[in-house]
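Trainee: I would like to go through this model piece by piece. Can we start with the strands and then move to the cores?

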Amino acid sequence: MFGFSTKHLWDKVFPDIDFRVLTATAALRVPVIREMWLWTFCIDASASVARRALLAGKSLLLYPGGEREQMMTVRGKHKLYLKNRKGFVKIAIERGASLVPVYVFGETDLYEHSSLFLDLRVKLVKDFGVAIPLIYGQAGLLPYPTHVTAVAGEPIPTKQCDKPTQEQVDKMHELYMNKLKELFDMNKADHGAPNAVLEIE
């Protein structure tokens, strides 16, 4: 979506910051789809590509929950699959890059997610990295009308280390999750969810 409206969706919040969006490797293997992703600032989510992008001075936008979060989303719930997703933290420390917590309110309310063949689809994610979310809105694939707003927290600096220990990664990951929870709780009332609880698995 960034390819269509970067001035409204990115530049106003992060002016003069060149960015790329990390996208599942499998999505970049499909003709036409691949070209669309590349046109909208997407690159392969592999660790080697992410490291090269940071080295080139790019900022990276990523969804740590990945394919699993896509399929396990429940409309009206606020659930992230983040506890065991630490690779992005390790790469940030290796490059001395800051981590910026971001949460999107309203995103999970756009569609209902079907549980049809869920076990099979989860297996496809585990075995091949391919996600097949089955979604429907108010009229087929038309989303339910809802406000979608992204909020960003303050950058969390990391101390550059070529070979961070697991303890360093775990500590920074815990800090990131805490800051994300703080960001959620600080903004939820303003976005129509005063009693919502952010679940992190």
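Mentor: One definition first: two strands pair if DSSP finds at least two bridges between them. Keep in mind that this is a predicted model.

Trainee: Which residue of S3 does Val-21 stand opposite?
Mentor: S1 covers residues 19-23. Three bridges join S1 to S3, residues 59-61, and the two run parallel. The residue of S3 opposite Val-21 is Leu-61.

Trainee: And in S2, which residue stands opposite Val-21?
Mentor: S2 spans residues 42-44 and is joined to S1 by three bridges, again in parallel. Opposite Val-21 in S2 stands Cys-42.

Trainee: What is the handedness of the β-α-β crossover from S1 to S2?
Mentor: From S1 the chain passes through helix H2, residues 33-39, before it reaches S2. This crossover is right-handed.

Trainee: Is S1 largely enclosed or open?
Mentor: Buried means under 20% relative accessible area. Four of the five residues of S1 are buried, so the strand is largely enclosed.

Trainee: How wide is the arc covered by the buried residues of H3?
Mentor: H3 runs over residues 47-55, and its buried residues are Val-49, Ala-50, Ala-53 and Leu-54. They lie on the same side of H3, because around the axis they cover an arc of only 135 degrees.

Trainee: Why can residues three or four places apart point the same way?
Mentor: It follows from the repeat of an α-helix: 3.6 residues a turn.

Trainee: Which residues are exposed on the other side of H3, and what do the buried ones pack against?
Mentor: The exposed residues there are Arg-52 and Leu-55. The buried residues pack against S1, S2, S3 and helix H5 (87-95).

Trainee: Which residue with positive phi follows H3?
Mentor: Its phi is near 90 degrees. The residue is Gly-57.

Trainee: Which element gives the largest share of the largest nonpolar core?
Mentor: That core has 30 residues, and those with the most contacts inside it are Leu-82, Leu-99, Tyr-103 and Leu-180. H3, H5, strand S5 (102-105) and helix H7 (166-187) each give two or more residues. The largest share is seven residues, and it comes from H7.

Trainee: Which residues does Leu-82 contact, leaving aside neighbours within four places in sequence?
Mentor: The list includes Pro-64 and Phe-88. It also includes His-173, Tyr-176, Met-177, Leu-180, Ile-200 and Glu-201.

Trainee: How many residues are in the second, separate core?
Mentor: Val-21 and Cys-42 return here, alongside Trp-10 and Phe-19. This core has five residues.

Trainee: Is Leu-134 buried, partly exposed or exposed?
Mentor: Leu-134 sits in the loop between helix H6 (118-128) and strand S7 (135-136). Beyond neighbours within four places in sequence, its contacts are Glu-112, His-113, Ser-114, Leu-116 and Arg-121. The range between 20% and 50% is the middle class. With a relative accessibility of 29%, Leu-134 therefore counts as partly exposed.

Trainee: What radius of gyration does the protein chain have?
Mentor: The chain has seven helices and nine strands, and its C-alpha trace spans about 50 × 45 × 35 Å along the principal axes. For 201 residues a compact globule would have a value near 17 Å. The chain agrees, with 17 Å.

Trainee: What share of contacts between residues at least 6 apart joins residues at least 24 apart?
Mentor: These are contacts within the protein chain, with separation counted in sequence. The share is 68%.

Terms used
Residues numbered from 1 in each chain as written. Predicted model: local features only at pLDDT ≥ 70, side-chain atom pairs only at ≥ 80, totals over all residues. Heavy atoms only, no water. Buried < 20%, exposed > 50% of the residue type's maximum accessible area, 1.4 Å probe, protein only. Right-handed = clockwise from strand over helix to strand, strands pointing away. Arc of directions from axis to C-beta. Contact = heavy atoms within 4.5 Å. Core = buried A, V, L, I, M, F, W, Y, C linked by side-chain atoms within 4.5 Å. Rg over C-alpha atoms; globule rule 2.2 N^0.38 Å.
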